[in-house]
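Here is a protein model to walk through together. Have the sequence and the 3D view open, and we will go step by step.

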Amino acid sequence: MPDLTLFHIAPSRSSIVHWMLEEVGQPYELRVLNHKQGENRSAEYLAINPMGKVPALRHADAIITEAAAICCYLADAYPEAGLGVPLLDRRRGPYLKWLFFGPSCLEPAVVDRMFKREEAPRGAVGWGDFNSVMDVLADALRPGPYLLGEQFTAADVVIGSGLRWGMAVKAIPERSEFIVYVGRLEQRPALQRAVERDLALAADASA
Ligand SMILES: N[C@@H](CCC(=O)N[C@@H](CS)C(=O)NCC(=O)O)C(=O)O
């Protein structure tokens, strides 16, 4: 049995980790939860993630939750995959910045837009305002090919997933920087494998 198990609902935020696992290239098991039947709220699953949310990753006897934390963890646990930045490397700072920017700035800004929530005063919310988040990301992506330049990292999995999802739900403007970057990510075989399997899982779940 593989050491790695992903608790997953397809497609969802656990698809971020599904893609990351494909990039890592180690054997893993997918434990698919039936959202309609509330399996993520079962006592068994709440013992794994008391938030009742996916993703959760089991690695031997450790449980990790929160998609960006899992991606960071996997990059560190499997350095041979080349998806992280070592501790004493100066690029570790920007790398961590982008990993945290995903769930703390990009995602809440997009969720607000998607649900047409009134924008809070920019000084009061951690992500400031939607347009600043978009401008900062577009500026960072313009040089390319990836957030840290030539190296594709776990931060691209997190930010790239947020952009793909935001563009799919039409909450993110189709700026050329985003289109070029997401198009580049979509050429990656690991992402293609994860998407294909998620589509099959989603079809099974709705059958
Ligand atoms: N902060 C968490 C959010 C996880 C999350 O909201 N997952 C959603 C799927 S997109 C979920 O499990 N929803 C099921 C539910 O709440 O019933 C992360 O980034 O991993």
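We start with the overall layout, then turn to the interface, the ligand and a few backbone details.

Please keep in mind that this is a predicted model. The domain assignment divides the protein into domain 1, covering 4-82, and domain 2, covering 92-189. If you place a point at the C-alpha centre of each domain, those two points are 21 Å apart.

Now look at where the two domains meet. On one side, 11 residues of domain 1 make contact, and they do so with 17 residues of domain 2. The size of an interface is often given as the accessible area lost when the parts come together. For domain 1 and domain 2 that buried area is about 1100 Å², with carbon and sulfur atoms giving 64% of it. Within domain 1, the residues that lose the most area to domain 2 are Trp-19, Glu-23 and Ala-68, which together account for 43% of what that side buries.

Charged and polar pairs also cross this interface. The rule finds 3 salt bridges between domain 1 and domain 2, and it finds 4 residue pairs in polar contact there as well. Which elements supply the domain 1 side of this interface? Helix H1 (14-24) and helix H3 (67-77) each contribute at least two residues to the side that touches domain 2. H3 gives the most, with 5 residues. Sorted by class, the domain 1 side has 7 nonpolar residues, 1 polar residue and 3 charged residues. For a salt bridge to find in your viewer, go to Arg-92 and Asp-76, where the closest N and O atoms are 3.1 Å apart.

Next, move to the ligand. Around the ligand you will find Ser-12, Arg-13, His-35, Asn-40, Lys-53, Val-54, Pro-55, Glu-66 and Ala-67. Two side chains in this group are worth a look. His-35 places a polar side-chain atom 2.9 Å from a ligand oxygen atom, and Lys-53 likewise has a polar side-chain atom 2.9 Å from an oxygen atom of the ligand. With Val-54 it is the backbone that matters for our tour: one of its polar backbone atoms is 2.8 Å from a nitrogen atom of the ligand.

Finally, let us follow the backbone through some loops. Where does Pro-11 sit? Pro-11 is in the loop that runs between strand S1 (4-8) and H1, and the peptide bond joining Ala-10 to Pro-11 is cis, with omega about -15°. Another cis peptide bond joins Gly-144 and Pro-145, this time with omega about -5°. You can locate Pro-145 in the loop between helix H5 (130-141) and helix H6 (154-168). The last stop is Ala-60, found in the loop between strand S3 (56-59) and strand S4 (62-65). Its phi is near 55°, a positive value in a residue other than glycine.

Notes: Residues numbered from 1 in each chain as written. Predicted model: local features only at pLDDT ≥ 70, side-chain atom pairs only at ≥ 80, totals over all residues. Heavy atoms only, no water. Domains from an automatic or database assignment. Contact = heavy atoms within 4.5 Å. Buried area = accessible area lost by both parts, 1.4 Å probe. Salt bridge = Lys/Arg side-chain N within 4 Å of Asp/Glu carboxyl O. Polar contact = N/O pair within 3.5 Å; in protein donor to acceptor, adjacent residues only side chain to side chain. Helix = DSSP H or I, 4+ residues; strand = E, 2+ residues; numbered from the N terminus. Nonpolar A, V, L, I, M, F, W, Y, C, P; charged D, E, K, R; others polar. Near = heavy atom within 4 Å.
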